[in-house]
Amino acid sequence: MHQQTPHPTVSRPPIVVLCGSTRYWDQLTEAALYETAAGRIVLSLGCNMKQPHPLWSDLKRADRLKAQLEELHLRKIDLADEVLVVNPGGYMGESTRREIAYALSLGKPIRYTHPA
């Protein structure tokens with residue numbers, strides 16, 4: 001019987017998770033572009049609930065989805081090697097501050113697009 005040899009271990013690129021307010025959606029998109037071009041795997045915010053969409057047009061459904069997305073983003077932080085906070089003008093809202101505190105509790109390195 002022929003045994004297959006395992007693939008040589010290939011080191012993966014670093015994983016960076018983007019954190020920040022969806023009010024800066026364009027800047028988040030730009031940061032994802034630059035991080036990807038720098039050879040990093042990028043985890044970002046999944047949707048911009050400030051833009052109208054049927055998934056969150058109902059207020060109760062929107063509240064449930066927001067809670068689900070917040071939890072999902074913490075799991076992205078779990079997976080990431082580092083965090084990049086997209087914070088034009090130094091702005092960080094409550095959710096972003098909570099995410100930073102969580103990342104720090106895990107010992108994740110944190111970078112900022114603007115001085116914090």
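Two helices, H2 (59-79) and H3 (94-105), each put at least two residues into the lining of the largest pocket. The model looked at here is a predicted one, and this pocket is a handy place to start. H2 gives the most to the lining, chipping in 6 residues. The pocket itself comes out at a volume of about 540 Å³. Its lining is made up of 22 residues, and those closest to the centre are Gly20, Thr22, Leu45, Lys66 and Ser95. Sorted by character, the lining splits into 9 polar, 7 charged and 6 nonpolar residues.

Lys66 turns up again when the charged pairs are considered. It forms a salt bridge with Glu70, with the closest N and O atoms 2.7 Å apart. Both residues belong to helix H2, and because they are 4 residues apart there, about one helical turn separates them. Neither partner is tucked away under the 20% cut-off for buried residues: Lys66 is partly exposed at a relative accessible area of 40%, and Glu70 is partly exposed too, at 28%.

That pair is part of a wider set, as a search of the whole structure finds 10 salt bridges. In general, side chains of opposite charge can pair when their charged atoms come close. Some of these bridges share partners, and in this way Glu35, Arg40, Glu82 and Arg111 are joined into one network.

Within that network, Glu35 is worth a look, as it has a salt bridge with Arg40 and another with Arg111. For the Arg40 bridge, the closest N and O atoms are 3.2 Å apart; for the Arg111 bridge, the figure is 2.7 Å. Glu35 sits in helix H1 (residues 25-37) and Arg111 in strand E4 (residues 110-112), so their bridge ties together parts that lie 76 residues apart in sequence. What about accessibility, with Glu35 being buried or exposed? Glu35 counts as buried, since its relative accessibility is 7% and the cut-off for buried is under 20%. Its two arginine partners are a bit more open to view in their class: Arg40 is partly exposed, with a relative accessible area of 25%, and Arg111 is partly exposed at 28%.

Aromatic rings also make an appearance. The structure holds 1 aromatic pair. A ring also features in a contact with a charge: the charged end of Arg23 sits over the ring of Tyr91, at 4.3 Å from the centre of that ring.

Definitions and conventions. Residues numbered from 1 in each chain as written. Predicted model: local features only at pLDDT ≥ 70, side-chain atom pairs only at ≥ 80, totals over all residues. Heavy atoms only, no water. 1 Å grid on protein atoms, 1.4 Å probe; cavity = no way out; pocket = protein on both sides within 12 Å on 5 of 7 lines; lining within 4 Å. Points joined across faces, edges and corners; volume = space filled by probe spheres on them. Nonpolar A, V, L, I, M, F, W, Y, C, P; charged D, E, K, R; others polar. Phe/Tyr/Trp six-rings, centres within 6.5 Å; stacked < 30°, edge-to-face > 60°. Lys NZ or Arg CZ within 6 Å of the ring centre and 35° of its normal. Salt bridge = Lys/Arg side-chain N within 4 Å of Asp/Glu carboxyl O. Buried < 20%, exposed > 50% of the residue type's maximum accessible area, 1.4 Å probe, protein only.
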